[in-house]
Amino acid sequence: MPIYEYVCDDCGTRYERLVLNRAQEISCPKCESSKHTLQLSVFSAPGNSSKANGQPSNSGACGCTPRGCGCH
């Protein structure tokens, strides 16, 4: 069951919906308009994280998991 991200074409509100089937009616939570644009979702996946210069990132979000660390 995918979660889709939308932006309302009438008021500009961004919202997400769990879509159980394609026939499901989607409407804006703010203005209740059914005019919307599906947005490209951004997701995060564990992996190696490094800065553009090739040095490890010290941001704390390096992809570490209980089975290993992606920043070392």
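## Exercises on a three-strand model

Ring pairs link Tyr-4, Tyr-6 and Tyr-15 into a cluster, where rings of Phe, Tyr and Trp (its six-membered ring) pair if their centres lie within 6.5 Å, and planes under 30 degrees apart count as stacked, over 60 as edge-to-face and the rest as tilted. The model is predicted, so that local features need pLDDT of at least 70 and side-chain atom pairs count only at pLDDT 80 or more, while totals for chains, interfaces and linings use all residues. Residues are numbered from 1 along each chain as its sequence is written, and side-chain values use heavy atoms, with hydrogens and water left out.

### Exercise 1: the overall layout

Task: State which secondary structure elements the protein has and in what order they run.

Solution. Begin with the elements themselves, which are DSSP runs numbered from the N terminus (helices are H or I, at least four residues; strands are E, at least two). The protein has zero helices and three strands, and from the N terminus on the order is β-β-β. Strand S1 covers 3-8, strand S2 covers 14-18 and strand S3 covers 36-38.

Turn next to the surface, for which accessible areas come from the Shrake-Rupley method with a 1.4 Å probe, and for residues only the protein chains shown count as cover. The accessible surface of the protein comes to about 5900 Å², and 50% of this belongs to carbon and sulfur atoms. Residues are called buried under 20% relative accessible area, exposed over 50% and partly exposed in between (1.4 Å probe, protein chains only); of the 72 residues of the protein, 18% count as buried.

Finish with the contacts, meaning heavy atoms within 4.5 Å. Among contacts in the protein with a separation of 6 or more, 24% are between residues 24 or more positions apart.

### Exercise 2: the tyrosine rings

Task: Determine how many aromatic pairs there are, and describe the geometry of each.

Solution. The count comes to two aromatic pairs. In one of them, the rings of Tyr-4 and Tyr-6 have centres 6.5 Å apart and planes at 50 degrees, so this pair is tilted. The other, between Tyr-6 and Tyr-15, is stacked, with 5.7 Å centre to centre and 25 degrees between the planes.

Then add the exposure of each residue. Tyr-4 is partly exposed because its relative accessible area is 31%, whereas Tyr-6, at 8% relative accessibility, counts as buried. Tyr-15 is buried as well as Tyr-6.

### Exercise 3: two buried loop residues

Task: Locate Thr-13 and Ser-33, and list what each of them touches.

Solution. Take Thr-13, which is found in the loop between S1 and S2 and is buried because its relative accessible area is 18%. Leaving aside neighbours within four places in sequence, Thr-13 is in contact with Tyr-6, Val-7, Cys-8, Cys-28 and Lys-30.

Ser-33 lies in the loop between S2 and S3, and at 10% relative accessibility Ser-33 counts as buried. Not counting residues up to four places away in sequence, Ser-33 touches Cys-8, Asp-10, Ile-26, Ser-27 and Cys-28. The side chains of Ser-33 and Asp-10 are also joined by a polar contact of 2.6 Å, that is, a pair of N or O atoms within 3.5 Å, of which, within protein, one must be able to donate a hydrogen and the other to accept it, and residues adjacent in sequence count only if both atoms are side-chain atoms.

Compare Glu-32, which is placed in the loop between S2 and S3 but is exposed because its relative accessibility is 63%. Glu-32 has a positive phi of about 65 degrees although it is not a glycine.

### Exercise 4: Leu-20 and its surroundings

Task: Decide whether Leu-20 is buried or exposed, and say which residues share a nonpolar patch with Leu-20.

Solution. Leu-20 sits in the loop between S2 and S3 and counts as exposed because its relative accessibility is 56%. Ile-3, Leu-18 and Leu-20 form a nonpolar patch on the surface, with about 300 Å² of accessible area together. Patches are made of residues with over 30% relative accessible area and no salt bridge, like charges being joined within 9 Å and nonpolar side chains (Val, Leu, Ile, Met, Phe, Trp, Tyr) within 5 Å; a salt bridge is a side-chain nitrogen of Lys or Arg within 4 Å of a carboxyl oxygen of Asp or Glu.

Now relate sequence to space. Leu-20 and Ile-3 are 17 residues apart in sequence and 9.1 Å apart from C-alpha to C-alpha, while the C-alpha atoms of Pro-2 and Leu-20, 18 residues apart along the chain, are separated by 7.7 Å. Pro-2 lies in the segment before S1 and is partly exposed, because its relative accessible area is 38%. With neighbours within four places in sequence left aside, Pro-2 is in contact with Arg-17, Leu-18 and Val-19.
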